[in-house]
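The following paragraphs offer a guided reading of selected backbone and strand features. Please keep the sequence and the model in view while reading.

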Amino acid sequence: MELSEKSIIYAELLPNIGRISLAVSLKPPNADASTRVAVNADGVTVELRHHGEIQTLRLPAKVSLGGTILPIQKQGSGVLSWPLPLHSSGSFHSRQQNITGDGILAWSATDLKVGSEVSCRPCGQVIVRNGSIVAWKDLPSENWAEMMEFWHCHKPDHPHHHHDYAQSSRSNDTETSPKPLVNGDGGKADDASLASRGYGASSIISAQKGIGFVDLTTLLFAESDCAGITYSLTTPEHGSTSRQECSKPDSPQVKSLNVFCSSCRAQVGFYNFRTAAVTLLKWQVLCESISGVKPGLSQSLAATLLSTKARSGSSKSLIMPIPETVPDTPENASTGADTGSVIHVWVFNPNIVYSSSAAAATNTQDQGTPAIKLLYRLIPIEEAERMLETVTCDSQEINMPWAALGEVRRLLDKSNLLLPGPERVFKEWKVALLSK
């Protein structure tokens with residue numbers, strides 16, 4: 001039987017309110033006397049019987065209604081739903097999450113093994129040789145300079161005349177304790193003051209030989225630590241294994257080069273002129289870690305969305321392309337990338353665990369899938385740029401390569417089909433599940 005011809009059972013654990021929302025979308029005909037939905041005696045599985053069709057779904061948590069036939073409130077309806085209270089034990093089956101509730105992704109500096117090689121995930125080509133990296137270091141937040149300014153400055157309405165402007169003594173150019181930093185007029189610190197202390201707007205973190213820098217979605221290396229890659233302003237066919245042969249063009253708008261695997265020609269990252277670093281995308285490479293996990297694109301984007309929400313307080317984000325990345329390779333076309341549109345997302349619930357009979361693996365799993373429930377829509381890139389330029393914009397900007405943008409769209413569209421029909425759309429938005 002084709003998936004489109006099957007009924008869909010969908011269960012969503014809502015831990016904050018202690019219940020599971022169960023919904024069933026029936027294949028035609030609608031509910032009648034032959035339709036039965038029951039919670040099995042174990043309290044962790046439900047069974048649907050409808051016109052000869054039998055389906056079983058394992059719930060993401062144990063409920064207290066074991067052995068209960070659920071009442072069908074409205075005969076003739078194509079969609080049925082029930083709230084199921086959790087079992088009093090409070091235990092629920094949830095697979096080990098790659099992302100914790102605060103949005104921290106696996107492959108942090110403490111998780112990655114020192115000396116581990118880094119290779120292309122699609123083909124296995126070695127990019128950073130074994131033993132090249134002697135230390136891993138976590139990068140600060142992308143808004144680290146701004147937050148340091150907040151840390152060292154007084155609130156605007158506080159008087160400053162009674163404070164000493166002297167800085168604390170330093171050892172090895174590092175402050176032993178933070179002191180209020182104000183300018184000579186007792187006001188907010190200026191750019192020059194911040195820059196002199198190493199965290200002004202002009203301060204950057206540059207690549208260092210033997211050091212692997214880590215952030216939520218990328219790994220950053222010195223060019224000399226990398227091999228087996230091709231640099232290009234456009235496609236790999238027009239690139240070179242020597243970055244010097246792809247020198248920075250005269251245009252100040254070009255900030256990076258595309259970086260491709262020299263073996264399979266998959267885009268594995270980009271080279272940033274400002275930091276003089278090769279930046280590799282976590283979901284495109286492999287690296288040995290203590291946790292043993294392999295974060296994919298879904299997990300990387302989920303971590304970014306949660307981090308952005310925690311930092312800015314905004315639940316909305318615009319996923320924008322990195323301009324220099326290639327929009328029109330055959331790989332991009334296969335993922336459905338649309339170079340005229342970007343993705344506008346709205347985090348609806350950052351912490352759910354779900355099970356769906358429409359997911360091939362769900363029926364055989366003992367646990368549900370931790371995810372973010374979000375709303376998304378495609379908008380023209382020109383509209384997104386106008387939104388970001390306004391002072392009242394309530395959306396944060398997230399940048400990804402064009403190819404990843406197309407893959408994100410494919411992931412969201414696919415997850416949309418895991419939901420019962422009526423729950424797939426909310427006004428002008430589609431609903432999606434982004435695995436954590």
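His51 lies in the loop between S4 and S5, where strands (E, at least two residues), like helices (H or I, at least four residues), are DSSP runs numbered from the N terminus. The structure is a predicted model, in which local features need pLDDT of at least 70 and side-chain atom pairs count only at pLDDT 80 or more, while totals for chains, interfaces and linings use all residues. Residues are numbered from 1 along each chain as its sequence is written, and side-chain values use heavy atoms, with hydrogens and water left out.

Although His51 is not a glycine, its phi is positive, at about 50 degrees. The residue belongs to the turn of a hairpin formed by S4 and S5, with two residues between the strands. His51 counts as partly exposed because its relative accessibility is 40%; buried means under 20% relative accessible area, exposed over 50%, and partly exposed in between, with a 1.4 Å probe and protein chains only.

The two strands of this hairpin pair in the antiparallel sense over six bridges; two strands are taken to pair if DSSP finds at least two bridges between them. Within this pairing, Glu47 stands opposite Thr56 in S5. On its other flank in the sheet order S5-S4-S3-S6, strand S4 (residues 45-50) is joined to strand S3 (residues 36-39) by four bridges, again antiparallel. Here Val39 stands opposite Val46 in S4.

Together these elements belong to an open sheet of four strands with antiparallel pairing, in the order S5-S4-S3-S6. Strand S5 (53-58) and strand S6 (68-69) stand at the edges; each has a single partner strand, so one side of each is left without a neighbour in the sheet.

How are the side chains arranged along S5? They alternate: Glu53, Gln55 and Leu57 point to one face and are buried, whereas Ile54, Thr56 and Arg58 point to the other face and are not buried. In a regular strand, side chains alternate in this way between the two faces of the sheet.

Two further backbone features lie in other loops. Pro29 is found in the loop between strand S2 (19-25) and S3, and the peptide bond from Pro28 to Pro29 is cis, with omega near 0 degrees. Ala276 is placed in the loop between strand S17 (267-272) and strand S18 (277-281). Ala276 has a positive phi, near 50 degrees, in a residue other than glycine, and it counts as partly exposed because its relative accessibility is 38%.
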